[in-house]
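Got the viewer open and a cartoon on screen? Here is a walk through the chain, one selection at a time.

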Amino acid sequence: MTARYGAPMPQSIRHQLRATHHPARAVPCPHCGAAAHKPCRLRTTGRLLPQPHPQRVSAWAQLSACCPECQVEPGCPCHDEGRARSTVHARRYTEAEETAA
């Protein structure tokens, strides 16, 4: 059995400690399978990466911002005249970064 010393860390302090990380780390990575708030890793060697995978950044932007280009709400994938895109529009990345700041 493991002993737990002290009280758990309050969310306000935890947020300040994670403030140096990319906000996309708040969602799981669809590329490497890294859990939320954990760094991305290479699938072949397991080496931790300093920046998240582009797929994770795309998933974060899709979950956190509306797209000004195709007018979809957070959580909905971007589209080009009815055809679904595999990534989000560049303007949605900008919108997500402004929302996170």
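We start with the whole chain and then go through helices, cores, cysteines, salt bridges and a few loop residues.

**Stop 1: the whole chain**

Keep in mind that this is a predicted model. Colour it by pLDDT to begin: the mean for the protein chain is 86, and 87% of its residues reach 70 or more. Among the elements, helix H1 (residues 11-18) has the lowest mean pLDDT, at 67, while H2 has the highest, at 94.

Now switch to secondary structure. You should find three helices and two strands, and following the sequence gives you the pattern α-α-β-β-α. Turn on the surface next: the accessible area is about 7,300 Å², and carbon and sulfur atoms own 55% of it. Of the 101 residues, 24% count as buried. As for contacts with a separation of 6 or more, 36% of them join residues 24 or more positions apart.

**Stop 2: helix H2 and the largest core**

Select residues 54-64, which is helix H2. Show the side chains of Arg56, Val57, Ser58, Trp60 and Ala61, the buried residues of this helix. What do they pack against? Bring up H3, residues 90-100, and you have the partner: the buried residues of H2 pack against H3.

Then widen the selection to Ala24, Val27, Val57, Trp60, Ala61, Ala65, Cys67, Cys70, Val72, Cys78, Val88 and Ala96. Those 12 residues are the largest nonpolar core, and H2 is its top contributor, with three residues. Apart from that core lies another one, made of five residues, including Cys29, Cys32, Ala34 and Leu49.

**Stop 3: the cysteines**

With Cys29 and Cys32 still on screen, add Cys40 and show the sulfurs. How many disulfides are there? The count comes to zero. Cys29 has its nearest cysteine sulfur in Cys32, 3.7 Å away, and is in no disulfide. The sulfur of Cys40 has Cys29 as its closest cysteine neighbour, but at 3.7 Å the pair is too far apart for a bond; the cut-off here is 2.5 Å. Both side chains are out of the solvent's way by the numbers: Cys29 is buried at 4% relative accessibility, and Cys40 is buried at 1%.

**Stop 4: Cys70 and His89**

Jump to Cys70, a member of the largest core. Leaving out neighbours within four places in sequence, Cys70 is in contact with Cys78, His79 and His89.

Click on His89 next. His89 sits in the loop between S2 and helix H3. Is this residue buried or exposed? His89 is buried, at 7% relative accessibility. With residues up to four places away set aside, His89 touches Cys67, Glu69, Cys70, Cys78, His79 and Asp80. Keep Glu69 and Asp80 selected, as both come back at the next stop.

**Stop 5: two salt bridges**

The structure holds two salt bridges. For one of them, add Arg91 to Glu69: the closest N and O atoms are 3.5 Å apart. This pair links distant parts of the chain, with Arg91 in helix H3 and Glu69 in the loop between H2 and S1, 22 residues apart. Each partner is partly exposed, Arg91 at 45% and Glu69 at 43%.

For the other, pick Asp80 and Arg85, whose side chains meet at 3.1 Å, N to O. Asp80 is partly exposed at 37% relative accessibility, and Arg85 is partly exposed at 28%.

**Stop 6: two positive phi values**

Finish in the loops. Select Gln71, in the loop between H2 and strand S1 (79-80). Its phi is near 60°, a positive value in a residue other than glycine. Gln71 is also exposed, with a relative accessible area of 62%.

Then move to Glu81, in the loop between S1 and strand S2 (83-84). Here phi is near 50°, again a positive value in a residue other than glycine. Buried or exposed? Glu81 is exposed, at 85% relative accessibility.

Conventions. Residues are numbered from 1 along each chain as its sequence is written. This is a predicted model: local features need pLDDT of at least 70, side-chain atom pairs count only at pLDDT 80 or more; totals for chains, interfaces and linings use all residues. Side-chain values use heavy atoms; hydrogens and water are left out. A nonpolar core is a set of buried Ala, Val, Leu, Ile, Met, Phe, Trp, Tyr and Cys residues joined through side-chain atoms within 4.5 Å. Buried means under 20% relative accessible area, exposed over 50%, partly exposed in between (1.4 Å probe, protein chains only). Helices (H or I, at least four residues) and strands (E, at least two) are DSSP runs, numbered from the N terminus. Contact means heavy atoms within 4.5 Å. Accessible areas come from the Shrake-Rupley method with a 1.4 Å probe; for residues, only the protein chains shown count as cover. pLDDT is the predictor's confidence in each residue, from 0 to 100. A salt bridge is a side-chain nitrogen of Lys or Arg within 4 Å of a carboxyl oxygen of Asp or Glu.
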